[in-house]
There are 2 protein chains.
Amino acid sequence: MCERSTGPPGTEGAALTVSIRDVAVSAGVSVGTVSNVLNRPDSVSPATRDRVLAAIHTLGFVRNESARQLRAGHSRTIGLVVLDIANPFFTDVARGVEEVANAQGLSVVLCNSDGRPDKEAAHLDALTEQRVRGVVLTPTAEISPQVGTLRQRGVPVVLLDRRAPGPDQCAVAVDDVLGGRLAAGHLLGQGHRRIAFIGGPGGLPQLQERYEGVVAAVREGTGSDEALVLITPETLTVAGGREAAARLLALPAGQRPTAAVCANDLLAMGALQEMVRRELRVPDDFALVGYDDIDYAAAAAVPLTSVRKPRQELGRRAAELLLDEAAGEGHEHQQPVFEPVLVARESSTVRHPRRSVAS
Amino acid sequence: MCERSTGPPGTEGAALTVSIRDVAVSAGVSVGTVSNVLNRPDSVSPATRDRVLAAIHTLGFVRNESARQLRAGHSRTIGLVVLDIANPFFTDVARGVEEVANAQGLSVVLCNSDGRPDKEAAHLDALTEQRVRGVVLTPTAEISPQVGTLRQRGVPVVLLDRRAPGPDQCAVAVDDVLGGRLAAGHLLGQGHRRIAFIGGPGGLPQLQERYEGVVAAVREGTGSDEALVLITPETLTVAGGREAAARLLALPAGQRPTAAVCANDLLAMGALQEMVRRELRVPDDFALVGYDDIDYAAAAAVPLTSVRKPRQELGRRAAELLLDEAAGEGHEHQQPVFEPVLVARESSTVRHPRRSVAS
DNA sequence: TCTCCTCACTGAAACGATTCACAAGGTGCT
DNA sequence: AGCACCTTGTGAATCGTTTCAGTGAGGAGA
């Protein structure tokens, strides 16, 4: 008499939730058969299959992913934890990750740590509870203990834009020392002799590496590293870039560099904005090089020279390694390191004769 | 003899997965008590609680969110489907949504539809299977049927940056007609008499409204709308802006507008870039107004006049309405419409005396 | 001493899907 | 006819948690 899913006696009308059992009853088959229609349609005779499909359709049945996950022991999602969702570099990475994951029928949970270890830890905890298939992580300063926990539990974690601490883990990185060298080498080649590095080294190893590359190039190019000025802004954002530029321009003329390598494009864009505001010409009065080569770099009114990283490819590769490791069969940890490329644009190259009136 | 969670005989070593039952056995209590420690700690005596907590810690127990969800009937996540993850406007919205959701202990699954109805539908299907608490959606052209399905199932859907089709639904929008009027009115006030609208109207209602506002303002300001040129680029991106600018500048001098209202800041930045590339001075030769007022608008080397929307506030408000509706008790649908504000910057205003030498 | 409460804890029944050993019926071969 | 085999379908056990009706133990009051 009493229908299963309609709840307490008073509850009339359509069931709020229709389960595989309701479908089975409606189609006159067992729950096992409905499940087979869903997961192994070939093992069911066409007539039965159609009957079940019709029941599913008229009842508006939708699988309950929680129940599937509970049985399967893991979910059909992967986590992606990024340092700064507002940085277009990471949205490009996210696109790459999502592309690969979606192709396998997996969803991506995108989490933003804002560079804060506590938020990163909270997100990793939540992902652990969700029994995600794996996590792609751009870590904050230190690798948090949650990562070890996750891996002990058999959940693969792939580091992104950061070298692995050991050989027992996948990581997808960029040769940031080379990137730093390219940036500084380019400026030296343009005749600059006093160069600033904006952005670090701070706590992030990838910034540390960029800085090392710059130091090496400057040392080789000028024979000393006294020509290098280090500026560490509050944040790695546009506002941080403005701040850094203001500090640079406050230096006495003798000490003031004529060019800067920025740890990312956001900083470079902020610096550019501040220079323009102060009526300095870029690159004539001051040359700028960014890092990451986000789309906005080329779109800036003074197109920004930048160190290009394969943004989407980084995400794709990380996701591929993650899925391979999650599949388990004979996975070998890999730690690909991509080579960045310098893309020279107007912000650092001798300007064409384009002064609007007189030269 | 045979431990519960260690699986088949061959499996030695630590259990791959430790459940509430293992904790109960280890602490010498029942599973119900462990659950109480987790969810109603006050109902458990301190001594027992500590014992259970210790067991949880030594065993490395982590709740299984799927099982909780299965029991609860719904998950602890909400979905956010955006049109373009690469547009900073949406990442700002996402921050607002996340802020409110996290404060309630909910996670946000961020999905990118790329403006494609098929991707939107696929994401909505996945969210339905996940039994999310609710969905914040910036819809593509049409409201897809999945939205109706979701709402029938009792899952609230809040539309964002789009007016609701009826009063039976929450929506958080911006008065885009007003926004269009503000933008065009500003340009008319600066003396422009021939104005372009870049970006539409296309299929998106919000663009349609912006366009209507521009039309109305131009008609009132000039007495006709012949002075309005409509440019519809391929995409609403920086590349689309470049393309639009190229098409504008290809117009014969008599027909060519002297200013443009762009449907979003990405388009405006692309247009700006193309203008600069062609050595046009902005705003002297051509004035530009963007829309959304993303951070990059102010950061552009020619700071962009734009129509400011409360980006993060939109997200927050949408999430609040969603959670209120999900809570169920006496929810009343609301459809707040925010008023945009014009932020005048250099890209459209008569230039200050800032020529580098003489005043 | 008896009754009545409260407090702390127990244990079994859900939640909804998947899986797997098994059964029933049909087909083909000897 | 007898047997093996394949196809199709069954139904119970299971995943890990929450919830809730109960069970005792202990204390207070009469």
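In the predicted model, 44 residues of chain A are in contact with 45 residues of chain B. On the chain A side of this interface, two or more residues each come from α4, α5, β2 (107-112), α6 (117-129), α11 (265-277) and α12 (295-299). By class, the side of chain A that touches chain B is made up of 20 nonpolar, 15 polar and nine charged residues. Of the interface residues of chain A, 100% are also interface residues in chain B, so the two copies meet through the same surface. A turn of 180 degrees, with a shift of 0.0 Å along the axis, lays chain A on chain B with an RMSD of 0.1 Å. This is the relation of a two-fold axis.

Both chains also approach the DNA. Around DNA strand C there are 24 residues, of which A:Ser19, A:Ile20, A:Ala67, B:Gly32 and B:Thr48 come nearest. The elements giving two or more residues to this surface are α2 and α4 of chain A and α2 and α4 of chain B. Helix α2(A) provides the largest share of the surface near DNA strand C, with five residues. The residues near strand C comprise nine nonpolar, eleven polar and four charged.

DNA strand D is surrounded by 26 residues, and the closest are A:Gly32, A:Thr48, B:Ser19, B:Ile20 and B:Ala67. At least two residues of the surface near strand D are supplied by each of α2 (31-39) and α4 (65-72) of chain A and by each of α1 (20-27), α2 (31-39) and α4 (65-72) of chain B. The largest share here, five residues, belongs to α2(B). Nine nonpolar, twelve polar and five charged residues form the surface near strand D.

A:Ser19, one of the residues that come nearest to DNA strand C, lies in the segment before α1 (20-27) of chain A. With 18 other C-beta atoms within 10 Å, A:Ser19 falls short of the 20 at which a residue counts as buried, and A:Ser19 is therefore partly exposed. A:Ser19 and A:Arg68 are 49 residues apart along the chain, and their C-alpha atoms are separated by 12 Å.

Helix α13 of chain A covers residues 311-327. At 1.5 Å a residue, its 17 residues should span 24 Å, and the distance of 25 Å between its end C-alpha atoms agrees with this. The buried residues of α13(A) include A:Leu314, A:Ala318, A:Leu321, A:Leu322 and A:Leu323, and also A:Arg311, A:Arg316, A:Arg317 and A:Glu325. A:Gly315 and A:Ala319 are buried as well. In chain A, the buried residues of this helix pack against β1 (77-82), α5 (88-103), β3 (135-137), β4 (157-160), β5 (171-174) and β11 (337-338). One of these partners, α5, is also among the elements that give two or more residues to the side of chain A touching chain B. After α13(A) comes A:Gly328, which has a positive phi, near 90 degrees.

Chain A has a mean pLDDT of 89, and 92% of its residues reach 70 or more. Over residues 1-14 of chain A the pLDDT is below 50, and this stretch has nine contacts in the model beyond near neighbours in sequence. Residues 352-359 of chain A also stay under 50, with three contacts beyond four places in sequence. Where pLDDT is low, the predicted coordinates should not be read in detail.

Methods:
Residues numbered from 1 in each chain as written. Chains lettered and ligands numbered in written order. Predicted model: local features only at pLDDT ≥ 70, side-chain atom pairs only at ≥ 80, totals over all residues. Helix = DSSP H or I, 4+ residues; strand = E, 2+ residues; numbered from the N terminus. Expected span 1.5 Å × (residues − 1). Buried ≥ 20, exposed ≤ 12 C-beta atoms within 10 Å, placed from the backbone. Contact = placed C-beta atoms within 7 Å. Near = placed C-beta within 6 Å. Nonpolar A, V, L, I, M, F, W, Y, C, P; charged D, E, K, R; others polar. Least-squares fit on C-alpha atoms with pLDDT ≥ 70 in both. pLDDT = per-residue confidence, 0-100.
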